[in-house]
Amino acid sequence: MHKVSLINAQNQGVTLFIDTKSFLPAKKTYSWRDPESKEMDEEAELYDEYRVEGGINSPHVITREKNGEMTSQRFVYSVAYNTGIADSEFAPPPINYNKLKK
């Protein structure tokens with residue numbers, strides 16, 4: 001398993017664990033200090049059951065953990081890429097601004 005850590009200018013980081021055989025992400029973790037208890041908390045996402053969907057390897061089981069305990073698990077039955085979403089779906093709604101209203 002390869003381990004890659006990325007840190008930005010605000011000292012926020014994420015660590016990715018990459019499978020050595022498939023080069024697919026197996027796990028993503030990030031941690032932060034709890035402002036009340038001052039202890040480090042860690043959240044993780046584990047990716048499993050990869051299958052090719054639309055020519056792209058996609059995880060079909062995604063498990064979330066907090067401090068080593070499972071908080072949720074998702075089972076994906078199908079994935080669709082490039083489904084042709086209309087450009088209008090990305091247009092913001094019109095702004096209703098009344099100049100007379102203070």
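The questions and answers below go through the strands, the salt bridges and two residues of a predicted model.

Reader: On what kind of model do these answers rest, and how are residues numbered?

Author: This is a predicted model, in which local features need pLDDT of at least 70 and side-chain atom pairs count only at pLDDT 80 or more, while totals for chains, interfaces and linings use all residues. Side-chain values use heavy atoms, with hydrogens and water left out, and residues are numbered from 1 along each chain as its sequence is written.

Reader: In what order do the strands of the open sheet lie?

Author: Strands of a sheet pair through backbone hydrogen bonds, either parallel or antiparallel. Here a strand is a DSSP run (E, at least two residues; helices are H or I, at least four), numbered from the N terminus, and two strands pair if DSSP finds at least two bridges between them. With antiparallel pairing, 6 strands form an open sheet in the order E1-E2-E3-E4-E5-E6.

Reader: Which strands are the edge strands?

Author: An edge strand of this sheet pairs on one side only. That description applies to strand E1 (2-7) and strand E6 (69-75).

Reader: How many degrees does the twist average from one strand to the next?

Author: The angles are taken between N-to-C directions and run from 0 to 180 degrees, with axes that are lines fitted to C-alpha atoms (for helices, over the stretch in contact). From one strand to the next, the twist averages 20 degrees.

Reader: How many bridges join E1 to strand E2, and which residue in E2 stands opposite Leu-6?

Author: E1 and strand E2 (residues 13-18) run antiparallel and are joined by 6 bridges. Val-4 stands opposite Leu-16 in E2, and the residue opposite Leu-6 is Val-14.

Reader: Which residue takes a positive phi in the hairpin of E2 and E3?

Author: E2 and strand E3 (residues 25-33) run antiparallel and are joined by 4 bridges, and the bridge partner of Thr-15 in E3 is Thr-29. In the hairpin of E1 and E2, with 5 residues between the strands, Asn-11 takes a positive phi near 65 degrees. In the hairpin of E2 and E3, which has 6 residues between the strands, the positive phi, near 60 degrees, belongs to Phe-23.

Reader: Is Ala-44 buried or exposed?

Author: Ala-44 has its place in strand E4 (residues 40-53), and, leaving aside neighbours within four places in sequence, Ala-44 is in contact (heavy atoms within 4.5 Å) with Lys-27, Lys-28, Thr-29, Thr-63, Arg-64 and Glu-65. Buried means under 20% relative accessible area, exposed over 50%, and partly exposed in between, with a 1.4 Å probe and protein chains only. Because its relative accessibility is 3%, Ala-44 counts as buried.

Reader: How many salt bridges does a search of the whole structure find?

Author: Side chains of opposite charge can pair when their charged atoms come close. A salt bridge is counted when a side-chain nitrogen of Lys or Arg is within 4 Å of a carboxyl oxygen of Asp or Glu. A search of the whole structure finds 4.

Reader: Why does the salt bridge of Glu-45 and Lys-28 tie together parts that are apart in sequence, and how many residues apart are they?

Author: In this salt bridge the closest N and O atoms of Glu-45 and Lys-28 are 3.5 Å apart. Because Glu-45 lies in strand E4 and Lys-28 in strand E3, the pair ties together parts whose separation in sequence is 17 residues.

Reader: Which residues are joined into one network by salt bridges that share partners?

Author: Glu-45 also forms a salt bridge with Arg-64, the closest N and O atoms being 3.5 Å apart, and this pair links strand E4 with strand E5 (residues 56-66). Arg-74 forms a salt bridge with Glu-45, the closest N and O atoms being 3.7 Å apart, and that pair links strand E6 with strand E4. Salt bridges that share partners give one network of Lys-28, Glu-43, Glu-45, Arg-64 and Arg-74.

Reader: Which residues does Asp-48 touch, not counting residues up to four places away in sequence?

Author: Asp-48 has its place in strand E4 and is partly exposed, with a relative accessible area of 45%. Leaving out residues up to four places away in sequence, Asp-48 touches Pro-59, His-60 and Val-61.
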